[in-house]
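I opened a new page for this chain and kept my entries in the order I looked things up. Pull up the structure and follow along with me.

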Amino acid sequence: MSLARRVHAADPIKEADVAGYWREGYAIVRGFFEPSEIAEISGALDQLYDEGIAHGRCFRHGNLFYNVAREGEGEPFVRMVQWPSYHQPVLDRVRLDSRFAELLEPLIGDNLKQIINQVHWKAPGSLGDFAWHQDSKSRRPAAAFRNLATSYVQTGLAIDPHTPAAGGLRVIPGSHLRGDLRMDCSTHSLGMAMKDSALESVGLSPDEAVDLHLEPGDLALWSPFLVHGSGRNRSGHKRRFYINGYVRAEDCDRGEWAFRNGVAVPFGPSPALIHYEELRERPGPHYPED
């Protein structure tokens, strides 16, 4: 697959209402990747999922992390893989595709690091909810991230139909304008249901929520302060979402370089410190619960 930038009669980037990102806290780019590209990405994700199942439980090797869970006595399932691009070449090419550099340059510039690279799966009926939250709560330590509202953009590429029935993303438009709402961070968002009370406790209403409808190849962008969440997949198909988060390099002390002057930067000889605090002390492959 060649993920080089191509010129189309209808250019998805030029047609996107990226200005709406600042106004609403999110934006959607239709047809960001083509069907043939999504098909190859899908194959890479299937390989990744099989690797997680083979481990049978959570597994880490440096920043690469397979989040594998079970419901009761059932079979294991993969909820998420963080930083698969260290060993999956197709996904690595996607995160460094020039379309991302072109899209993000007007928003956060052309010298960008990356602090999120992960794939989420929601199998029909499986536990995969995300409670209402702001991504800003995960930007830790806070001192490593500056000007968060204007320096960071999260992106999510739909691999499958992304609908309310499939447990698609729900957002509260404009909530990013209120900054850090200090929503309850006592538990992780993953695996927790969305509750109206979580919104009401910070002065928001569930009536304000908007469901994002994405077709395979569509890309969503959202602010780290946008309140969002997602429910259980009640459709008859899996829902996969490839998330890449980029940050203006001068405003972040962590992360892997992605673009310098708009040009893709491959991984260096050793992984960068991102979220895994024991990267230097315990970098080798291991099962975290051991």
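**Entry 1: overall form.** Before judging the overall form I noted my yardstick: the radius of gyration is taken over C-alpha atoms, and the globule rule is 2.2 Å times the number of residues to the power 0.38. I also reminded myself that this is a predicted model. For 290 residues the rule puts a compact globule near 19 Å, and the chain has 18 Å, so the two agree. I then took the box along the principal axes, and the C-alpha atoms fill roughly 50 × 45 × 40 Å.

**Entry 2: burial and contacts.** I looked up burial next and found that 54% of the 290 residues are buried. The chain exposes about 12,500 Å², with carbon and sulfur atoms supplying 52% of that area. For contacts I kept those with a separation of 6 or more; residues 24 or more positions apart account for 81% of them. My secondary-structure count came to 7 helices and 14 strands.

**Entry 3: strand β10.** How are the two faces of β10 (residues 219-222) covered? I found L219 and L221 on one side and A220 and W222 on the other, and these four are all buried. I recalled that side chains in a regular strand alternate between the two faces of the sheet. Then I looked for the partners of β10. Strand β1 (residues 26-29) runs antiparallel to β10 and is joined to it by 4 bridges; Y26 has W222 as its bridge partner there. Strand β7 (residues 152-158) is also antiparallel to β10, again with 4 bridges. On that side I noted G156, whose bridge partner in β10 is A220.

**Entry 4: an open sheet.** I traced another sheet and wrote down its order as β6-β11-β8-β9, an open arrangement of 4 strands with antiparallel pairing. Its edges are β6 (130-133) and β9 (210-211), each of which pairs on one side only. Between β6 and β11 (residues 228-230) I found 2 bridges in the antiparallel sense. H133 has H228 of β11 as its bridge partner.

**Entry 5: helix α5.** Which residues of α5 (residues 98-108) are buried? My list reads R99, F100, A101, L103, L104, L107 and I108. I kept in mind that an α-helix has 3.6 residues a turn, so residues three or four places apart point the same way. After the helix comes G109, with a positive phi near 95°.

**Entry 6: aromatic rings.** I searched for ring pairs, and the count comes to 13 aromatic pairs. I opened one of them, F33 with F100: the centres are 6.3 Å apart and the planes make 45°, a tilted pair. This pair links distant parts of the chain, as F33 is in the loop between β1 and α3 (35-55) and F100 is in helix α5, 67 residues apart. Are the two rings buried or exposed? F33 has a relative accessible area of 2%, so F33 counts as buried. F100 has 1%, so F100 is buried too. I then looked for further rings around them and found one aromatic cluster made of F32, F33, F100, Y246 and F259.

**Entry 7: charges over rings.** I checked for arginines placed over rings. R57 lies over the face of Y287, at 4.0 Å from the ring centre. R60 has its charged end over the ring of Y276, 4.0 Å from the centre.

**Entry 8: backbone oddities.** I went through the backbone angles last. Where did I find a cis peptide bond? The bond joins R140 and P141, with omega about 0°. P141 is in the loop between β6 and α6 (148-151).

That loop between β6 and α6 also holds N147, a residue other than glycine with a positive phi near 50°. At 49% relative accessibility N147 counts as partly exposed, because the exposed class begins over 50%.

N261 is another non-glycine residue with positive phi, near 55°. I placed N261 in the loop between β13 (256-260) and β14 (263-264). With a relative accessible area of 59%, N261 is exposed.

Note on methods. Residues numbered from 1 in each chain as written. Predicted model: local features only at pLDDT ≥ 70, side-chain atom pairs only at ≥ 80, totals over all residues. Heavy atoms only, no water. Buried < 20%, exposed > 50% of the residue type's maximum accessible area, 1.4 Å probe, protein only. Pairing = 2+ DSSP bridges. Phe/Tyr/Trp six-rings, centres within 6.5 Å; stacked < 30°, edge-to-face > 60°. Lys NZ or Arg CZ within 6 Å of the ring centre and 35° of its normal. Contact = heavy atoms within 4.5 Å. Areas by Shrake-Rupley, 256 points an atom, 1.4 Å probe, with all protein chains shown as cover.
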